[in-house]
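Me: Please take a close look at the backbone of this structure, above all at the places where its torsion angles are out of the ordinary. I would then like to see, in one connected account, how the surroundings are arranged.

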Amino acid sequence: MARIGNFETRELPVAVGTRTFRLRCPRSIEELHDAEPSAVPYWADLWPSSLVLAEELAGRSLAGVRVVELGCGLGLGAIVAAQSGADALATDHDRDAVAFARDNGRRVLGRRLATMRADFADLPEALVELAPFDLVIAADVLYADGSAASLADALRALLRPGGEALVAYPWSGQADGLVAGLGWPATEREERQARLLTLRRPG
Ligand SMILES: C[S@@+](CC[C@H](N)C(=O)[O-])C[C@H]1O[C@@H](n2cnc3c(N)ncnc32)[C@H](O)[C@@H]1O
């Protein structure tokens, strides 16, 4: 069985568009939770929002587009963006998530996926220095107190004027603070078990 870091893993086939992406995830989320009950391993699962985001990215031609994913978890968003031609960077504040995204990227793409450990509430200088990005993507990262305000600040720091952010999230109203805080043109559509918000930074 393949290991990633200290984790036993299992294969997680994910159908996106016409393709199946064979990611790896920890063998058992229950085991992780039992080992460290205080730390909920949200990163270790694939959430419905990421599937809606991935479908959107798979339908685009992203050749030459600079993309950063915030809160990438297992890395699906950045991987699909890279598959669609983007120059993609996967980031998460959790060290283990970054290790899985990196491994999944290499496994699925057959080449290196750029990754970085980064808290979008406290952006590392190394990430800010890589800005501006053309497209910022995030799936299901708006669940913690203050995360909408932090994400708004991160988008201001990372996105170029005229650039786009795609933010997928599960619960109605969860992105209201983000939209209000930025005041940028926004559209939204609901699909399956998630909502996909598109924000355009004024040029
Ligand atoms: C619910 S999971 C979603 C994972 C993946 N995007 C998906 O939709 O399958 C939330 C992810 O966001 C990450 N995250 C939460 N807050 C973050 C922050 N402030 N900075 C960076 N990553 C964060 C978590 O570590 C986790 O990987």
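**Backbone angles and their surroundings**

Reply: Arg192 is found in the loop that lies between strand β9 (186–191) and strand β10 (194–200). The model is a predicted one, and every angle and distance below should be read with that in mind. Although Arg192 is not a glycine, its phi is positive, at about 45°. Most residues other than glycine have a negative phi, and most peptide bonds are trans. Arg192 is also exposed, because its relative accessible area is 57% and the cut-off for that class is over 50%.

A second residue of this kind is Asp140, which is not a glycine but has a positive phi of about 55°. Asp140 belongs to the loop that joins β7 to α6 (147–158). With a relative accessible area of 15%, Asp140 is buried, since that word applies under 20%. The two positive phi values thus occur in two settings, with Arg192 exposed and Asp140 buried.

On the other side of β7 there is a further point to note, this time in the peptide bond itself. The bond that runs from Ala131 to Pro132 is cis, and its omega is near 5°. Pro132 sits in the loop between α5 (125–128) and β7 (133–139).

A glycine also takes a positive phi: Gly85, which follows helix α3, has a value near 105°. Helix α3 covers residues 76–83, and seven of its eight residues are buried, so the helix is largely enclosed by the rest of the structure. Those buried residues are Leu76, Gly77, Ala78, Ile79, Val80, Ala81 and Ala82.

A polar side chain without exposed area can be followed in the next helix, α4 (residues 95–109), where Asn104 is located. Asn104 is buried, its relative accessible area being 0%, and its side chain has two backbone partners to consider. One is the backbone nitrogen of Arg24, which the side chain of Asn104 reaches at 2.6 Å; another is the backbone oxygen of Leu74, which is 3.1 Å from a polar atom of that side chain.

For a loop residue with another degree of exposure, consider Tyr42, in the stretch between α1 (29–35) and α2 (48–58). Its relative accessibility is 38%, so Tyr42 counts as partly exposed. Tyr42 and Leu12 are 30 residues apart along the chain, and their C-alpha atoms are separated by 16 Å.

The ligand completes the account. The ligand sits in the largest pocket, where 20 residues surround it, the closest being Gly71, Asp92, Asp119, Phe120 and Ala139. Sorted by class, this shell comprises 11 nonpolar, four polar and five charged residues. Among the contacts with ligand oxygen, a polar side-chain atom of Asp92 is at 2.6 Å, while an N or O atom in the side chain of Ser50 is at 3.4 Å from an oxygen atom of the ligand. The backbone takes part as well, since an N or O atom of the His93 backbone lies 3.2 Å from a ligand nitrogen. Taken alone, the ligand exposes 590 Å², and the protein buries 94% of that area.

Terms used
Residues are numbered from 1 along each chain as its sequence is written. This is a predicted model: local features need pLDDT of at least 70, side-chain atom pairs count only at pLDDT 80 or more; totals for chains, interfaces and linings use all residues. Side-chain values use heavy atoms; hydrogens and water are left out. A residue is near a molecule or strand if one of its heavy atoms lies within 4 Å of it. A polar contact is a pair of N or O atoms within 3.5 Å; within protein, one must be able to donate a hydrogen and the other to accept it, and residues adjacent in sequence count only if both atoms are side-chain atoms. Accessible areas come from the Shrake-Rupley method with a 1.4 Å probe; for residues, only the protein chains shown count as cover. On a 1 Å grid over the protein atoms alone, a cavity is a set of points where a 1.4 Å probe fits but cannot get out, and a pocket is an open set with protein on both sides within 12 Å along at least five of seven lines; lining residues have an atom within 4 Å of a point. A molecule sits in a cavity or pocket if more than half of its atoms lie within 2 Å of its grid points. Ala, Val, Leu, Ile, Met, Phe, Trp, Tyr, Cys and Pro count as nonpolar, Asp, Glu, Lys and Arg as charged, and the others, Gly among them, as polar. Buried means under 20% relative accessible area, exposed over 50%, partly exposed in between (1.4 Å probe, protein chains only). Helices (H or I, at least four residues) and strands (E, at least two) are DSSP runs, numbered from the N terminus.
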